[in-house]
Amino acid sequence: MPEVLFRVDLTKPMEEQELPGHNRWHPDIPAVASVNPGDVFRIECKDWTDGQIKNNDDPSDIRDVNLKRVHVLSGPIWVNGVEPGDLLVVDILDIGPLPQAEWGFNGIFARENGGGFLTDHYPDAAKSIWDFHGIYTSSRHIPGIRFAGIMHPGLIGVAPSHDLLDKWNYREKQLVARNPNRIPALANLPDPDSAVLGSLKGAEFDRVAMEAARTIPPRENGGNCDIKNLSKGSRIYFPVFVKGGKLSVGDLHFSQGDGEITFCGAIEMAGYIDLHVDVIKGGMAKYGITKNPVFKPGPVEPRYSDYLVFEGISVDEFSGKQHYLNAHIAYRQACLNAIEYLKQLGFTGEQAYMILGTAPIEGRIGGIVDVPNACCTIAIPTAIFDQNIIPKLL
Ligand code: ZN
């Protein structure tokens, strides 16, 4: 087992851990440990909500969740010799749940507190608890399905530079200003409430808390990309914006459908991740990887080969309005069409919504040029169901 650089005690909040992690992005959050290129190490992670969701049948913890606490991250890890302009190479060697916590959760956030992709249709909180059996998972809240997960970090990233952070804050403020009272908000701006900033204290804590970016969206540093195939065997090439790179990770998922449509999210779990790091000096310019990370998924994923595929187009379900090549609306229609179908098989709408968020659902853009409709598809593996879900001729 590799050396554990970051340990978590699941009974304590992130700021009370032996080494406190963080839940904001800022270049001045101090590193918790340093490694050399070539090193292998283990990081333990709490679940993204910092333990707010309990293994029970009551969804009130999802309804009342404090989203200003998310995502609690382990790190930052300083990589010696890494400088802006380099590529930080990160291999995901292994990933799994912690021995005392072999379960995870998925939820539908209430519209007033977080929302989700289909919040107009499912505005109330709901929760499903998932038990792990080796590589398989099933939920007492959604009988009739069982599948193999693809464990991955929902969130892994490097620190932004001060310049890059200023850019994020500027552009996201502009967006929020378009409709400042919208629920859910168009973006989540810096907010000192419930900020955890590693070992920072006093005036320095206050300054950083006012500027630090929330961790909700993916950005140039990687972050909350929620790429379900980023499992063991994957390699990530991060552009480096600060000295040491300052790598952080969290929001581990047992499994997720493309799009992570419920927002809470995948099958969320506490766990460990083993990493190997290396550096390509001057790699950003050399490979033209200057803006966002590049990923090389590993060879490990469940062998599902038979799918039922639902499509959606850029016509919204409320007014029947024609939109122009809008893939967001098209993907929503694909999801709604799949949910309608799964309801006929005996699932509730909420259960179907959570199946699409958790199972290894493949999302695709079929076409993005055939004006005026984008065509988005979601493919559901048929083998995850106890029953045969294919339409019958008689
Ligand atoms: Zn997540």
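This passage describes the zinc site, a buried strand, the salt bridges, the cysteines and a surface patch of a predicted model. Local features were accepted at pLDDT of at least 70 and side-chain atom pairs only at pLDDT 80 or more, while totals for chains, interfaces and linings use all residues. Residues are numbered from 1 along each chain as its sequence is written, and side-chain values use heavy atoms, with hydrogens and water left out.

The zinc ion is bound by protein donors from Asp251 (OD, listed twice), His253 (NE2) and Glu268 (OE, listed twice), which lie 2.0 to 2.8 Å from the ion. Donors are N, O and S atoms within 2.8 Å of the metal (3.2 Å for Na, K and Ca), and the site may look incomplete because water is not among the atoms. The spacing of the donor residues in sequence is D-x1-H-x14-E. Asp251 in strand 14 (residues 247-253) and Glu268 in strand 15 (residues 263-268) are 17 residues apart, and the pair links distant parts of the chain. Strands (E, at least two residues) and helices (H or I, at least four residues) are DSSP runs numbered from the N terminus. Both Asp251 and Glu268 are buried; this term stands for under 20% relative accessible area, exposed for over 50%, and partly exposed for values in between, with a 1.4 Å probe and protein chains only.

Strand 5 (residues 87-97) has nine of its 11 residues buried, so the strand is largely enclosed by the rest of the structure. Strand 5 runs antiparallel to strand 13 (residues 235-239), to which five bridges join it. In this pairing, Leu87 is placed opposite Pro239 of strand 13. Strand 16 (residues 271-280) is also antiparallel to strand 5, with 10 bridges between them, and here Val90 faces Val277 of strand 16. Strands are taken as paired if DSSP finds at least two bridges between them.

Side chains of opposite charge can pair when their charged atoms come close. Under the criterion of a side-chain nitrogen of Lys or Arg within 4 Å of a carboxyl oxygen of Asp or Glu, the model has 25 salt bridges. One of them connects strand 5 to strand 13: Asp91 and Arg235 meet through their side chains at 2.6 Å, N to O. Because Asp91 belongs to strand 5 and Arg235 to strand 13, this pair ties together parts that are 144 residues apart in sequence. Asp91 counts as buried at 12% relative accessibility, whereas Arg235 is partly exposed at 30%.

A salt bridge is also found between the side chains of Asp191 and Lys68 (3.0 Å, N to O). Asp191 is located in the loop between helix 2 (162-178) and helix 3 (202-211), and Lys68 in the loop between helix 1 (60-63) and strand 4 (73-79), so parts 123 residues apart in sequence are tied together. The relative accessibility of Asp191 is 18%, which counts as buried, while Lys68 is partly exposed at 32%.

In the salt bridge of Lys281 with Glu83, the closest N and O atoms are 3.1 Å apart. This pair links distant parts of the chain, with Lys281 in the loop between strand 16 and helix 4 (283-287) and Glu83 in the loop between strand 4 and strand 5, 198 residues apart. Lys281 is partly exposed, at 45% relative accessible area, and Glu83 is partly exposed at 37%. In addition, a network of salt bridges links Glu15, Lys46, Asp50 and Arg69.

The structure contains zero disulfides, a disulfide being a pair of cysteine sulfur atoms within 2.5 Å. For Cys45, the closest cysteine sulfur is that of Cys225 at 15 Å, too far for a bond. Cys45 is buried, with a relative accessible area of 1%, and Cys225 is partly exposed, with 25%.

On the surface, Ile365, Ile368 and Val369 form a nonpolar patch with about 290 Å² of accessible area together. Patches consist of residues with over 30% relative accessible area and no salt bridge, with nonpolar side chains (Val, Leu, Ile, Met, Phe, Trp, Tyr) joined within 5 Å and like charges within 9 Å. Accessible areas come from the Shrake-Rupley method with a 1.4 Å probe, and for residues only the protein chains shown count as cover. Ile368 is placed in the loop between strand 19 (362-367) and strand 20 (375-381) and is partly exposed, at 42% relative accessible area.
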